[in-house]
Amino acid sequence: MNEQTTAAEPAAAAVAVPEAVAAPALGGPGGGRAGGRRAALAPVALVVAGGLSVQFGAAIAVLLMPRAGALGVVTLRLAAAALVLLVVCRPRLRGHSRADWGTVAAFGVAMGAMNTLFYQAADRIPLGAAVTLEVLGPLALSVIASRRLVNVVWAALALGGVVLLSGGGFDRLDPAGAAYALGAGAMWAAYIVFSARTGRRFPQADGLALAMVVAALLSLPLGIMDAGSRLIDPTTLGLGAAVALLSSVLPYTLELIALRRLPAPTFAILMSLEPAIAALAGFLVLDQALATTDALAIALVIGASMGAVRSQVRGVSAQ
């Protein structure tokens, strides 16, 4: 699935029909239905596995921040991930159009900005709270792209969860940390759109590898200014490589594969599960316990996401 699209197409037009739905059923009626269900669930499993990997990697990154700083961690993560992907994918540099390169560049900018803003947030507020605020970006994308009125209701429920999380004012969380998390959410939405476009323009994970190089190059000056020679400490380098594998290489590859078989709105909604995963990682790795109101706020966001998933599936089935 590598068809060409124009750079001017709207975000909604970048949504591909899931291959699991488009593929004909094989084997008899019962076997065909079972096979179809497995095929439909496969990309969902990839997204969930990617979420587990990225959030536990983020928890390790928080532990690394005292050694390298937030911007230094971002640089280590993106640079190590870029090196791994370049070696593994060996992307072809020739034969791509100007629009292809523009898509990769936009994907890389979105990826770099998303990581930079998120780690600034995680350095100031608990991991679960940071991801809960960040996930508003993908949820907003799902509402805009689906154009279904019922999703506005789910978005309002998610917003209620965010208000509850903030305790009526983001000063409880640290205003700067909350602002960084919301900015990361906007970049997350852009990441979803350009990841889907990149996955269709480039074979395998070639586009991801090239975009990761763009993100790493953009973050490098910031990381050097923040951490300096601490970036080349052996222990810091080892932990940075672990963060890169868990938070970049593995999840981004899984998500890129999943986006070839999932509509972007559905993918965006599934991303809303990540506050719960982040809260679990924060509790197990960072000993960040949740207050009752925080747990309820995260549950509201996840409930809104699940409701949006169901309405999205019903809308597709009715067509």
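Two exercises with worked solutions follow, on the largest cavity and on one helix pair of a predicted model.

In this predicted model, local features need pLDDT of at least 70, side-chain atom pairs count only at pLDDT 80 or more, and totals for chains, interfaces and linings use all residues. Residues are numbered from 1 along each chain as its sequence is written, and side-chain values use heavy atoms, without hydrogens and water.

**Exercise 1.** Describe the largest cavity and its lining.

*Solution.* Step 1: a cavity is a set of points on a 1 Å grid over the protein atoms alone where a 1.4 Å probe fits but cannot get out, and lining residues have an atom within 4 Å of a point. The whole structure holds two cavities of 30 Å³ or more.

Step 2: the largest cavity encloses about 180 Å³, a volume being the space filled by probe spheres set on the points. Its lining has 13 residues, of which Val54, Arg77, Met114, Glu134 and Tyr252 are the closest to the centre.

Step 3: helices are DSSP runs (H or I, at least four residues), numbered from the N terminus. Helix 2 (29-89), helix 3 (98-122), helix 7 (175-201) and helix 9 (234-259) each contribute at least two lining residues; helix 2 gives the largest share, four residues.

**Exercise 2.** Determine how helix 3 and helix 7 are oriented.

*Solution.* Step 1: axes are lines fitted to C-alpha atoms over the stretch in contact, with angles from 0 to 180 degrees between N-to-C directions. The two axes come within 7 Å and cross at roughly 155°.

Step 2: helix 3 is therefore roughly antiparallel to helix 7, the term for angles over 145 degrees.

Definitions and conventions
On a 1 Å grid over the protein atoms alone, a cavity is a set of points where a 1.4 Å probe fits but cannot get out, and a pocket is an open set with protein on both sides within 12 Å along at least five of seven lines; lining residues have an atom within 4 Å of a point. Angles under 35 degrees count as roughly parallel, over 145 as roughly antiparallel, 65 to 115 as roughly perpendicular and the rest as oblique.
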